[in-house]
Amino acid sequence: MKHFITICMMVVCSMTANAQQTPIYLDDAKPIEQRIDDAIARMTLQEKIRVIHAQSKFSSAGIPRLGFPDFWTDDGPHGVRPDVLWDEWDQAGQTNDSCVAFPALTCLAATWNPDMSLIYGKSLGEEALYRGKDMILGPGVNINRTPLGGRNFEYMGEDPYLASTMVVPYVQGLQSMGVSACVKHYCLNNDEEYRHQVNVVVSDRALHEIYLPAFKAAVEQGKAWAIMGAYNLYKDEHNCHNQYTLNKILKGDWAFDGVVVSDWGGCHDTDQAVKNGLDMEFGSWTNGLSAGTSNAYDNYFLATPYIIGIQSGKYTTKELDDKVRRVLRLFFRTTMNRNRPHGFLCSESHYEAARRIADEGIVLLQNKGNILPIDRNKAKRILVVGENAIKMMTVGGGSSSLKVQREILPLEGLRQRFGNDVVVDYARGYVGDVSGEYNGVTTGQKLKDNRSESKLIAEAVEKAKNADYVIVVGGLNKSDYQDCEGHDRKQYELPYAQNRLIEALAKTTKRLVYVNISGNAVAMPWKDKVGAIVQAWFIGSEAGNAITDVLTGDANPSGKLPFTWYASLNDCGAHALNTYPGTWRSAKDKSAGFSKIIDEEYKEGVYVGYRWTDKNNIKPTFAFGHGLSYTTFSMSNLRQSAKEMTRDGKLTFTVTVKNTGSKRGAETVQLYIKDIKSSVDRPVKELKGFKKVWLEPGEQKDVDMTIDNNALAYYDETTGTWKSEDGEFDALVGNASDNIMLKSRFMLK
Ligand code: BGC
């Protein structure tokens, strides 16, 4: 009896212990890797397969039996995309999925202010949390190689150092909310035309020096939890399953511990997907956005075909377990993070963030005779001209299209600010694209106007005669073949007879301001006939307010161009060397369903953007790094912490910046490095440091910029390593790539 009681007590005790014991994978106190080991050991083959591919347009399955919720993702990168139906591209019709549209990433890059990236990432993360999203498909960091690139507006310009510096805080800010970034499109997706069939041929040097650094920074410094493979090919393999870029570089050299997500419809083959580094497959058979096979998820390359492959012994579970391990890590970082905040949507703080970023990102390109800011004493009548003054830009452009709670349009912003004091009249000037619909979201705007080009121009000219200021708001839009995913622009010129309109207005008025809305440079043959030129990007919800801030001087412009504004297309290396869009040939591997591939050879090598114009002595319309202010600055007294630098040492440059004008403003000090003598051909100079500084009138500050050996190195193709060579270097300091004011020489030993 006694014995029986003892046994009973033991059973009860162990039952209590079991009931109380939290499984390791659920124990927050345990290290994530241990929790992953535990979870993985409990998963069936079917469960493992289920977590590595989509189950709906934007979600993948969790592990319900173990308490892992479904995983939800969404575009990206400028706001949280509205919900579509489970298995359709049609709108889900939610009434709580309107968001704040933040400025496009070109505008963010133009702030040259990493603090703005942090605010951007955090605010977006808060919106994503409220909307129940665990991963945002962004940011994008493909290099602007040609101004025709349809998606450049979603990226951070032409310079690897600028893009690297700006992407890191975005990723950190977003992920600090427990929402994963998904940095895209890795890699070499530098234009859109034939994006599924372009095979990029590029030197190792250009790959490592120009096209990879921003991704590397996002991974190594930003600690991005996910990265999206690009549609195009490199070394004849699609980038969503590419042995070299994913296994060797990303997961090998950079020790990426996150998840490689396919672009939607970017996965083409089970064998390659299994072996070449893809972890999560999304959007297959959707061709990006349009075509679709219903409920195809079980047929995904990483679904049933993979199970069959494992069961038949074709594959072991080695690759599968690695993929699942990464996916679980992503779960623990996001959906299984019990400390995640709840998030909130469309808050005043998010609008404020959007406006601050926009105010800092708008670039004053030209201001002849200081006609800006608008002088309230002279402005009794203002004429606003152009479709972009009244057109919503948050709808369109491809997957980054949004459904916004509000979008202040430029005309509206100006009218609100001037109130009854000033007559703000409007003339259409040109008709562009009046459709205003993307993927089921409609702007509801009625922009149709059947008048002829000449009539529209004549009306604008007539009205301009009585105006104290004429502000043309033009540029591109988010329609196909403009700044839009899926295609590139067909021409560098402004579309819709805008050149004619601007020329005509320039003859009529002395105070002509041109506000360009775009994510790319455009030809400006009339530049010298126009007083002021403002680059106003796609700004999102606060567009009208921010543009008005800058035009009125309520914000002192401080943006700097993140790319070179070529005078003509031929001034850009990719076009001068006739490398775009490439040469067609038969595909070696037809598994992707393409019998033809187009080889696009990046013949200009590392000479992208200002590296090309510098080398060839080409004067751009506006240089990389250029941007004016309503105040003036001086830079003086460049000092360096030592005469020499050692390979493992650092060198700090200090420069005194002074606000010599009468308004508070910001200047961005830019540090370029020039290698005086090198065994390989190197760019004339390369950006290796910058700092933005705000100064009151008359105030001066010392600005420090520190470099290390990385700033001096080039990628040595013979050894496959970064190399810096002993000898002399110049530190060139200025406020634009074509305005170097100070120089100082140092030695590397
Ligand atoms: C785009 C991606 C986007 C995905 C999901 C693709 O067509 O290239 O950038 O994240 O669709 O919408």
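In these legends, contact means that heavy atoms lie within 4.5 Å of one another. The structure shown is a predicted model.

**View 1. The surroundings of R151, a buried residue in a loop****.** R151 sits in the loop that runs between β3 (135-137) and α6. R151 has a relative accessible area of 2%, and because buried means under 20% on this scale, R151 counts as buried. Leaving aside residues up to four places away in sequence, R151 touches K184, H185, E192 and R195, and R151 also touches S399, C484 and E485. Within its own stretch of the chain, the side chain of R151 is joined to the side chain of E154 by a polar contact of 2.7 Å.

**View 2. Helix α17, enclosed by the rest of the structure.** How many of the ten residues of helix α17 (residues 543-552) are buried? Ten of the ten are buried, so the helix is largely enclosed by the rest of the structure. These buried residues include A543 and G544 at one end of the numbered list, and L551 and T552 at the other, with N545, A546, I547, T548, D549 and V550 among them as well. The elements against which the buried residues of α17 pack are two helices, α13 and α14 (410-418), together with the strands β16 (469-475), β17 (512-517) and β18 (532-535). After α17 comes G553, a residue whose phi is positive, near 90 degrees.

**View 3. The largest pocket and the residues that line it.** The largest pocket holds about 1,200 Å³ of space, and its lining is made up of 46 residues. Which of these residues lie nearest the centre of the pocket? They are Y161, S164, A217, Q221 and N710. When the lining is sorted by class, 21 residues are nonpolar, nine are polar and 16 are charged.

**View 4. The elements and domains that supply the pocket lining.** Several helices each supply at least two residues of the lining of the largest pocket, among them α5 (114-130), α6 (160-175), α7 (204-211) and α8 (213-220), and the strands β25 (686-695) and β26 (700-708) each do so too. Strand β25 gives the most to this lining, with nine residues. Seen by domain, the lining draws at least three residues from domain 1 (1-69 + 236-333) and at least three from domain 2 (633-748). The centres of domain 1 and domain 2, taken over C-alpha atoms, are separated by 46 Å.

How values were computed: Residues are numbered from 1 along each chain as its sequence is written. This is a predicted model: local features need pLDDT of at least 70, side-chain atom pairs count only at pLDDT 80 or more; totals for chains, interfaces and linings use all residues. Side-chain values use heavy atoms; hydrogens and water are left out. On a 1 Å grid over the protein atoms alone, a cavity is a set of points where a 1.4 Å probe fits but cannot get out, and a pocket is an open set with protein on both sides within 12 Å along at least five of seven lines; lining residues have an atom within 4 Å of a point. Grid points are joined across faces, edges and corners, and a volume is the space filled by probe spheres set on the points. Helices (H or I, at least four residues) and strands (E, at least two) are DSSP runs, numbered from the N terminus. Ala, Val, Leu, Ile, Met, Phe, Trp, Tyr, Cys and Pro count as nonpolar, Asp, Glu, Lys and Arg as charged, and the others, Gly among them, as polar. Domain bounds come from an automatic or database domain assignment. Buried means under 20% relative accessible area, exposed over 50%, partly exposed in between (1.4 Å probe, protein chains only). A polar contact is a pair of N or O atoms within 3.5 Å; within protein, one must be able to donate a hydrogen and the other to accept it, and residues adjacent in sequence count only if both atoms are side-chain atoms.
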